[in-house]
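Hello,

Here is the structure I promised to pass on to you. Please open it next to this email and follow along as you read.

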Amino acid sequence: MTENENVLLKVDNLKKYFPIKGGIFGNKTMKQVKAVDGVSFEVMEGETFGIVGESGCGKSTAGRTILRLLEPTEGSIYFQGKNIAELNPNEMRRLRKDIQIVFQDPFASLNPRMKVRDIIEEPLINFGVSDRREREKRVLEVADQVGLTAAQLTRFPHEFSGGQRQRIGIARALISKPKLIIADEPVSALDVSIQSQVLNLMRDLQKEFGLTYIFISHDLSVVKHFCDRIGVMYLGKMVEIAEKHSLYDDPLHPYAEALLSALPSPHPLQMKNRIILKGDVPSPSNPPSGCTFHPRCPSCMDICKTERPSLQVIRDNHAVSCHLYESTEKLAVAAGELK
Amino acid sequence: MIAYIIRRLLHTILVVFAISLIIFFSVRLTGDPVSVMFQAGEPTKEAIAEVRKNLGLDEPLYVQYGIFLKGLVTFDFGESFRSGMPVIDLIKEKLGATLALAFGGMAVAIMIAFPVGIVSAVKRGTGVDFFGRIFSLIGISFPNFWLGIMLILIFAVNLKWLPSSGFESFKHLILPSITLGMILSGILARLVRSSMLEVMNQQYISTAKSKGISDFAVIIKHAFRNALLPTVTFLGLQFGALLGGTVIVEQIFSWPGIGRLIIDAINQRDYPVIQGGVIFLAVIMVAVNLVIDLSYTLIDPRIKIGGSRS
Amino acid sequence: MVQKVLEVEELKVGIKDEDGGRIAIVNGINFHLHKGETLGIVGESGCGKSMTSLSLMGLLPAGVERHDGEIRLGNLNFNSFNKKDWRQIRGKKIAMIFQEPMSSLNPVYTVGAQINEMILNHERVSKKEARNRALEMLKLVGIPRPEQVLNEYPHQLSGGMRQRVMIAIALSCNPEVLIADEPTTALDVTIQAQILELMKKIQDQLHMSIVLITHDLGVVAEMCDRVIVMYAGEIVEESLVVDLFDQPSHPYTKGLLASLPDIHEQKEYLSSILGVVPAPGKMPAGCRFAPRCSFAHERCKEVPPLFEMENGSKVKCWLYEDGEAEVAAT
Amino acid sequence: MTSLQLEQTPQQISQPKPSLLKRIWRFIKKNPAGVAGMILVLLSISAALFSQWIAPFDPSKASLTSRLAPPSWADDTGESVFFLGADQVGRDLFSRIIYGAKISLMVGFFGVLISLVIGTILGLVAGYFGKWLDDFIMRVADIQLAFPFILFAIVIMSVLGTGIWKIIIILGLTYWVGFARLIRGEVISLKEQEYIHAAKAIGGTTFTIIRKHILPNVMSSILVLGTMYIAEFILLEASLTFLGLGVDPTIPSWGGMLADSRNYVTTAWWTATFPGIAIMLTVLGFNLLGDWLRDKFDPNMKL
Amino acid sequence: SGGGKEKASTDSSKGSEENPVKDRGNEIVIGVSGDPQNWDPIDTFLLDWSTVATSVFEGLVDRTIDLELQPGLAESWEYLDDKTLQFKLRQGVTFHNGEPFNAEAVKFTFDRLLGAEGQKGPQYSNYTSIESVEVVDEFTINMKLNTPDPVLLTKLAGYGAVIVPPKYVAEKGDEHFNNNPVGTGPFKMTSYKRDQEIVLEKNPDYWKEGLPKLDKVVYKIIPEASTRLAELQTGKIDIMKRVEVSQAETVKETGFLELQEVGTPTAFSLRFDVAKKPFDSKEVRQAINYAVDKEAIINEILGGYGKPISTFQSELSFGNNPDLEPYPYDPEKAKELLKKAGVKEGTAVDLFIPGNDGNFKEIAQAVSFYLEEVGIKVNINTADSTTLTSDLIPNAKAGHMYRQGWGGWTLDFDNTAYLMYYEGEQWNPSFKNEKVEELLEKQRASVDPEERKAIFKELTELLYDLAPELNLYSAVDIYAVNKRVQNFQPPHEDRMRLEEVTVK
Ligand SMILES: Nc1ncnc2c1ncn2[C@@H]1O[C@H](COP(=O)(O)OP(=O)(O)OP(=O)(O)O)[C@@H](O)[C@H]1O
Ligand SMILES: Nc1ncnc2c1ncn2[C@@H]1O[C@H](COP(=O)(O)OP(=O)(O)OP(=O)(O)O)[C@@H](O)[C@H]1O
Ligand SMILES: [Mg+2]
Ligand SMILES: [Mg+2]
């Protein structure tokens, strides 16, 4: 990728801790769920940045914190150079015109008591398009773009299939002409046949409007298909960020490696050497010391148990946070400089 | 856990304090206790003023409230205007009858509502369900005084099976308990039914069935056990209410309970008894709910007190 | 010849509609299961996979009933079963694990109690023996510190552990057939890999037959010997797993395979099957897949029979009419 | 762009609609309890709405000569008289029961309206904003619950005076707690729904979110609880009369009639029996209706 | 009087006419409606107290069941002068605890009543005319008065002046005494369960020879009338106090029960707030009195269980003027008077009644019906009865008219008239008439019955004319008694006397 590409979003040391309250007055923070614990990455204009990781590793939380649907505990989020973590609620509300989100659950993300037309139209009202006819026009336009007919607009969400609902969700995100769309597992709940429809649609829209996506998923093959660059998360941290081919051809982090090998093979005869990880993902309220992956890591060293590795660029467009690579590459590069 | 209990107690104190304040001033809005005392007497202006002074009612309100609060801290609710008895003794006197009735009513409600609710849920949509629900609703379709009077006429006067009033033996407990229980059972049956319906849809019910155990075991051991939690919460809330809220049943059946104590006190404007009684009930209600909350850990191992469901 | 443990003939499952008529959910399917074999059933959501598996257990939900066909387990014919007979085979001869490990264990009983319940229900053993057996089962499914877990409640376990416990329960009475309805769908890939590995290991050990229901073709490729592809309550293709991936026959199967993103091959767009599975009661006449099929033609207005192909696969599609022997639909 | 062909939704495949009669019959067969409830409720509502036309006599027309006249279709002269008998001051019981529907339903509807409005607002606020507001509102609810209803009634009556509207106010001010708790609970779980996050993400203000997304989704619970409370309020009005806190006796309220004639049960059974039946059927009707609504909207609702 | 119309026929259970009470022995059970809560005579002024305590305590002066004064614990008395009253006490009387009754006991009783303890209660004010009690010898006392009191002897037969045992009270303390009363009466209280039952047992040492005849009397407290009746029907009680008019028929129809009625001193009126228009006009007040057919109300609604009254007192009251006839029912006259006073057709007035008296609600509605006939619209308001008496009436918030019932426990019009018509008294928010006040003071200054009678005659005539209330009726109490009970005589003023009662 070239140097002159514009950074659209830069996330720097983002943290989101959920307190578990306790104490006599219920106001003492007894413990914290470190759902997102110091994540940094950049998203270029027009690209698709993928975030993968197992359930509970903080993908959704990261996505929502960027939109400030959740207030970040720490860190900054620069959108077009502006730190949106510092905006007041009203400014933030207006900025949401430019950053939109599509949710995982096509059933839960649409208000069951609103007509599809009203669902799609709502952002326009919120963002101050007061002319009714203008709004009408835009709704029809967007509906057409996502493949919904005018007749379908007068129906309620429950009358649609999962794939169609996801289109409604996309239309709603699209209508305010955002620059960035955070797609939080938009196809995980769909059947494969439908999943491909939605992915195709999203790709079309990206081309047509020059959209930038943050694409969150736990499905490595979908991510590979759809994304340009990918960040792998484990227990609230980015353990590896890389350009997709670099990651899939040669994963560096043992976790990424295991993840890739765990993928069911696409063909019965392509049996491969599986790395089966021991144990389960630990709880983010009580993460292991040092490298949080060490208890499950097949190549765990002593240092891993005590020291937290930092994210460092190992090769072009490929950074990893693992002690295995520290000896070879001394250069600790902040994720921000990662291009 | 300990911190949780302490927190709840602090809340209780707050609530009790607020109630004491409200109750203290609001009873004083409703009329004068002294003139009520002279049912057949010679209440000249002077006589009334004299009694008022002797009862300390001529002090400024804040002073009276201060005295009341001071007593409260030591569980001294003062002495009844009417009987001259310490309020706390009056309450103690009634506690037995009140508890008996509350438990009796609950027992009846449970005996009606659990089977009806369970069967209704299991046979959802069938005639059994329909009649079960109508039956459980009959109880809440009558004003309770009417139900009480009717039960007396039927079971005491006509059939002569049961005594119609008084607090003497187990037999005396039956009619008031039924009156109270019928009312409760309507709501309880509905709750049991809906909780059962929810639970019956759970995957673990399928698991239980897939083990080949009997339907009865599936329903009782697996479904009902899980449906118990909201039921217990409800019963807990109701229990508090039953202690004080059974005035009408107590009156119809001449049951010497706390509800009647308080309503009589209200009718006579016996301030100390009203205040003491209401605060006592408030404390009981909070305490019962605390116990219920703590008991959740026994019913549902997922619940940890002080934290949330894991 | 390999022994058939389970045979299903003309299975029809339906619900009553408002007029008292029947709406078919599963519309006359035939299949069998060999001893020690893993049979996969794949298909999109709502095509009747779960209903098929539940009718094997006699556990169809209220309102849904099996109204035709025969199911035979060895020499037992399920049609003649009363409630008690069902109870005796459930868990003992045929056991099931479910999709949602989070909710398939009863939250208020300990793991031990839930395994014991199964054992005590089917076998005349003392409580102590049952407990030992439960412990053994936990060890078998690879649960760390099994003694402790026996006394723990499901909520104290992770999803993967719970699914292991479920497997332990299902296998505790040594059933001939295990039905696994999407056993790994709710799990993470790394955990899914663990569970699949475990199932393979245990199958080898116990020589069980497995019906594995899934919508993930990857899992099928990994686990199964033979596959049934279901569409809208019918079997559209049945073949050996290798054949299915190498030479899928039915347009639907082809479509499914093509819509998978391939990790080795970069395509800009994925191909996809247009439209959605028709709802029960709204089935098109003729071939049910025809409205979504790019090969649909006149002939498809008629219901196609199941054609047997050279390699032994069976396909329900008019495209294979010529040159292929027709298989009687019995 | 790949072609995006219109997907078929099941609804698009049209089937001939069965006849109206058939649909009604089907509905009745499927929801016997709901239909029974609806009929009972409709009956009492029509009695309330059309009392002038249904009632044969002026419900407040007292006449000591016809005091406690027993039910009869015709008197000696063949003229029709009190068909459900006459009450203690000689008024036609049937007319009073017809007019009583108005009063009972008024108590039910308006009482519920007040508690509903207060409870819903407080419940929304407590549930949505949480934190100290929630704590505060819930503590107020605790206090309200601990405060004896009868004392509360007496306090309100001595401050505001008596009458049917005061009773409505008393009920409204007492029962808001039920709505508040229900709504609060629902809002708390609703708040975590994805479409609420979505509403925020598309730039919705708090007010819009509550109005457009939260409120409509708690409406069904409000409706269900409301129906059940109507039934409860009708009974409570009767209990208040029993305790001497009811409405003016000239007002034909079922509760009043029932409570004031309870001592006539053995001597003039009709005075108490018919109002009793009216209350029972109406209350049963609303309960059945509420039950049915709940089953329809959310069978697992904890009510 | 008595016996309502037999219209309310019934088909209720005439079932078993057999007396359900079989083997109760020489005791009776009485169902009463209320528990006075406190048995100390100086703390109470409740009728419920007197129903029971009359059998336990005795005063120096006694009143027969027919309300005649007679010697009680004092054998005789005389006025030594205007302000000294000497009592000769009965000898050989002991309290239930064995303590002797003597002059000390009398002195103790009155010192207590007039001292700090008594001043907390409602009885004290009745006896303020007593300066002190002096012991002359063991069985003689002198009562020093600070002012002549015409009704003192009546009052001495009242609740507060019953004699209490000095040692017992001193030793056990007041709280104990509240719950365990000891007196000299025919029965002693052996058990008291608050709000449930009171057990009295025969006092074997009672000073009246051969009395009482019963071994035991149990009072059950049953507030709800329908429940009380059920208990009677099932034989759980033998005597039911407070039978509702609506229940009378049922009792009559039950073979083993007997209905007994008795006139009471309690008068019921709708009092006018004379400060409010249009009741500031005498004509209007009179018109109302003409407009209502009180006889019809008594006969129809009260089933005959009520007596007409012309002033706010019953025929039992000293001062009642038998020459005055109640205002006749004359709607024409009423209309005329109203017209004269300029009251427009359709004028609306507020009437306040207590909400817990079902029977009176019917009466209020009948009144409203009659007033409507003469063009006055009545809005009936029901209020909690305590609020009405303790708040609304004293503060003139009870509308144009309100119900008041008054017993005048001394059976002397003084009590009623003073409290109702003297300016500034608790229950007289607005009535003021100088002549009335003058007469009231005049009768108070005299102890001569004849003179007082004359004053009351003038007063009643004046009040009759002024018509400060619509006088409705004086109450008749109804008792229902199981036929096994013999010699029971219902009391006029709730004070049940049971010495002579026997059972069959
Ligand atoms: N509101 C919250 N309060 C407390 N903890 C939370 C909250 N939301 C999320 N968490 C916790 O934060 C962690 C990360 O959650 P998150 O939803 O971001 O994971 P995810 O990677 O999106 O997982 P999934 O694949 O299941 O969607 C989890 O452990 C979760 O339990
Ligand atoms: N209890 C029920 N009553 C009526 N219809 C039902 C019931 N359960 C399922 N169905 C219908 O039966 C059809 C088949 O459902 P089934 O659960 O077997 O699908 P599935 O293939 O297992 O799908 P999934 O992959 O989503 O689990 C669906 O159309 C569904 O709507
Ligand atoms: Mg997520
Ligand atoms: Mg399924």
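**Around ligand 2**

A good place to begin is C:Cys47, where a polar backbone atom is 3.3 Å from an oxygen atom of ligand 2. Please keep in mind that this is a predicted model. C:Gly48 also offers a polar backbone atom, here 3.1 Å from an oxygen atom of the ligand. A side chain takes part too: an N or O atom in that of C:Glu182 is 3.1 Å from an oxygen atom of ligand 2. On its own, ligand 2 exposes 630 Å², and the protein buries 67% of that.

If you display the shell around ligand 2, you will find 14 residues, and the nearest are C:Ser45, C:Gly46, C:Lys49, C:Ser50 and C:Met51. Helix 1 of chain C (residues 49-57) gives the largest share of this shell, 3 residues. Sorted by class, the shell holds 7 nonpolar, 4 polar and 3 charged residues.

**Around ligand 1**

Now turn to chain A. Which residues come closest to ligand 1? They are A:Ser55, A:Gly56, A:Lys59, A:Ser60 and A:Thr61, out of 13 that surround the ligand. A backbone N or O atom of A:Gly56 lies 2.8 Å from an oxygen atom of ligand 1, and for A:Cys57 the corresponding distance from a backbone N or O atom to an oxygen atom of the ligand is 3.2 Å. A:Glu185 contributes through its side chain, with an N or O atom 3.2 Å from an oxygen atom of ligand 1. Taken alone, ligand 1 exposes 630 Å², of which the protein buries 63%.

Two elements of chain A, strand 2 (28-44) and helix 1 (59-66), each supply at least two residues of this shell. Helix 1 of chain A provides the largest share, 3 residues. By class, the shell around ligand 1 has 5 nonpolar, 5 polar and 3 charged residues.

**A sheet in chain C**

Chain C also has an open sheet of 4 strands, in the order 2-1-4-5 and with antiparallel pairing. At its edges are strand 2 (22-34) and strand 5 (76-77), each of which pairs on one side only. Strand 1 (residues 4-16) and strand 4 (residues 64-73) of chain C run antiparallel and are joined by 8 bridges. To see the two strands facing each other, look for C:Ile15, which stands opposite C:Val64 in strand 4.

**Chain D and one of its residues**

Chain D has 11 helices and 0 strands. Of its 303 residues, 60% are buried. Its accessible surface comes to about 12,000 Å², and carbon and sulfur atoms account for 68% of that. Among contacts in chain D between residues at least 6 apart in sequence, 71% join residues at least 24 apart.

D:Val283 is a nice residue to click on, in helix 11 (residues 269-297) of chain D. Is D:Val283 buried or exposed? D:Val283 counts as buried because its relative accessibility is 0%. Leaving out residues up to four places away in sequence, D:Val283 touches D:Ala231, D:Ile234 and D:Leu235, and also B:Ile140 and B:Ser141 of chain B.

**How the chains meet**

There are 8 pairs of chains in contact, and chains B and E share the most contacts. Chain A and chain E do not touch, and their nearest C-alpha atoms are 43 Å apart. Chain C and chain E have no contact either, with their closest C-alpha atoms 46 Å apart.

Enjoy exploring!

Key
Residues are numbered from 1 along each chain as its sequence is written. Chains are lettered from A and ligands numbered from 1 in the order in which they are written. This is a predicted model: local features need pLDDT of at least 70, side-chain atom pairs count only at pLDDT 80 or more; totals for chains, interfaces and linings use all residues. Side-chain values use heavy atoms; hydrogens and water are left out. A residue is near a molecule or strand if one of its heavy atoms lies within 4 Å of it. A polar contact is a pair of N or O atoms within 3.5 Å; within protein, one must be able to donate a hydrogen and the other to accept it, and residues adjacent in sequence count only if both atoms are side-chain atoms. Accessible areas come from the Shrake-Rupley method with a 1.4 Å probe; for residues, only the protein chains shown count as cover. Ala, Val, Leu, Ile, Met, Phe, Trp, Tyr, Cys and Pro count as nonpolar, Asp, Glu, Lys and Arg as charged, and the others, Gly among them, as polar. Buried means under 20% relative accessible area, exposed over 50%, partly exposed in between (1.4 Å probe, protein chains only). Contact means heavy atoms within 4.5 Å. Two strands pair if DSSP finds at least two bridges between them.
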